[in-house]
Amino acid sequence: MDIKSTETEIQQQNNSNLEKIAILGCGYVGTAASSYWYKQGYSVTVTTTRQERVAELENIATKVVVMKGQDSQAVKSLLQDRDTVVLSIAPISNKQVDAEVYRETYIPTAKNLVAALQENKSVKQLIYLSSVSVYGNKNGEWVDEASPVDTESEYNQVLCEAEQLLLNSASEDVQVTILRLGGIYGAQRALIKRFGRLAGKNIDGSGETFTSWIHLDDVIAAMDYLSQRRLGGIYNLVNDFDMTIRELSDEICQLGNLEKIIWDDTKPSYRSLNARISNEKIKAAGYKLIHPQTIS
Ligand SMILES: NC(=O)c1ccc[n+]([C@@H]2O[C@H](COP(=O)([O-])OP(=O)(O)OC[C@H]3O[C@@H](n4cnc5c(N)ncnc54)[C@H](OP(=O)(O)O)[C@@H]3O)[C@@H](O)[C@H]2O)c1
């Protein structure tokens, strides 16, 4: 028997069994996720809206497609032969965008994915990266995945509508997983940088609102964990950290030898989210956080 050719055959069989993933929206999270899966030998197709990003993305993906989620035909083609699809888009802007831009980004893309899934036979799981901001202001109370979402903020209305559209497309053959993420920090997005910009400045609100965070490594690892087990449904993904934004910013400014932020409690908070987010469900599913604490 030719051992070498048998080994090659086994290798090819293994490769053909490996996941075929599409990542729609390749920014901070999408790029890190693609890089991780590509290194595992998976076939990863990623998207960008900008031709000038293609060369950079070709280093961390099998294939790069220039497209927008609003292009129904492009979404259909993207899903062809893929096992897992990750939706990781956010409006393109350096500043806060209005709710209409939010809507134009998320809703047509979600609808196109739903339509594409109806015709597609390969996709087994769709993972949508949503946000814990959907819980809104719960006056600092604990919330879990069954808690009501905020219906006041137009931004949250858009995120929840996108979640619902996608969840409704779940079937026996296709798991739909909604990951509600805390603020993401990690490489290139260190908290010291974020809070450093605000050190010594006046910020609206008392700072007594609860805040939740998740490390980029955990976002990638949790997606990998849930996709390997084909687990669908809604999961909060935040770390074990339980502090107000004032407590966190004080600690970080102290660690960085920076002036504290000056919270102005005569003004309403600049943050609409004030809830303590339970991460029990994803832990009960067996996921173990890599970075349980924001400050370690
Ligand atoms: N960052 C956070 O703290 C945070 C917190 C909670 C939830 N999330 C969620 O996590 C996900 C990923 O966040 P991120 O920080 O990685 O975002 P990001 O760095 O801003 O990347 C978003 C990507 O979306 C792509 N995009 C924008 N509009 C698009 C459209 N119409 N069609 C297709 N692609 C489009 C952009 O592509 P190009 O750049 O290639 O043009 C961009 O790279 C988002 O769904 C976000 O809502 C993030």
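**Ligand shell and a helix pair**

Biologist: How far is a nitrogen atom of the ligand from a polar backbone atom of G69?

Modeller: The model is predicted, so local features need pLDDT of at least 70 and side-chain atom pairs 80 or more, while totals for chains, interfaces and linings use all residues. Residues are numbered from 1 along each chain as its sequence is written, and side-chain values use heavy atoms, without hydrogens and water. A polar contact is a pair of N or O atoms within 3.5 Å. For the ligand nitrogen and the G69 backbone atom, the distance is 2.8 Å.

Biologist: Which residue has a backbone N or O atom 2.8 Å from an oxygen atom of the ligand?

Modeller: The side chain of Q70 places an N or O atom 2.9 Å from a ligand nitrogen. For the ligand oxygen, the backbone partner at 2.8 Å belongs to I89.

Biologist: How much of the ligand's accessible area does the protein cover?

Modeller: Accessible areas come from the Shrake-Rupley method with a 1.4 Å probe. On its own the ligand has 910 Å², and the covered part is 87%.

Biologist: Which element supplies the largest share of the shell around the ligand?

Modeller: The shell has 26 residues (a heavy atom within 4 Å of the ligand), with T48, T49, R50, R53 and I89 coming nearest. At least two residues each come from α2, α5, β5 and β8, as DSSP runs (helices at least four residues, strands at least two). The largest share, three residues, is that of β5.

Biologist: At what angle do α5 and α6 pack?

Modeller: In α5, residues including Y102, Y106 and L113 meet a set in α6 that includes Y155, L159 and L165, with contact meaning heavy atoms within 4.5 Å. The helices are roughly parallel (under 35 degrees). Their axes, lines fitted to C-alpha atoms over the stretch in contact with angles from 0 to 180 degrees between N-to-C directions, are 9 Å apart, and the angle is about 0°.

Note on methods. Polar contact = N/O pair within 3.5 Å; in protein donor to acceptor, adjacent residues only side chain to side chain. Parallel < 35°, antiparallel > 145°, perpendicular 65-115°, else oblique.
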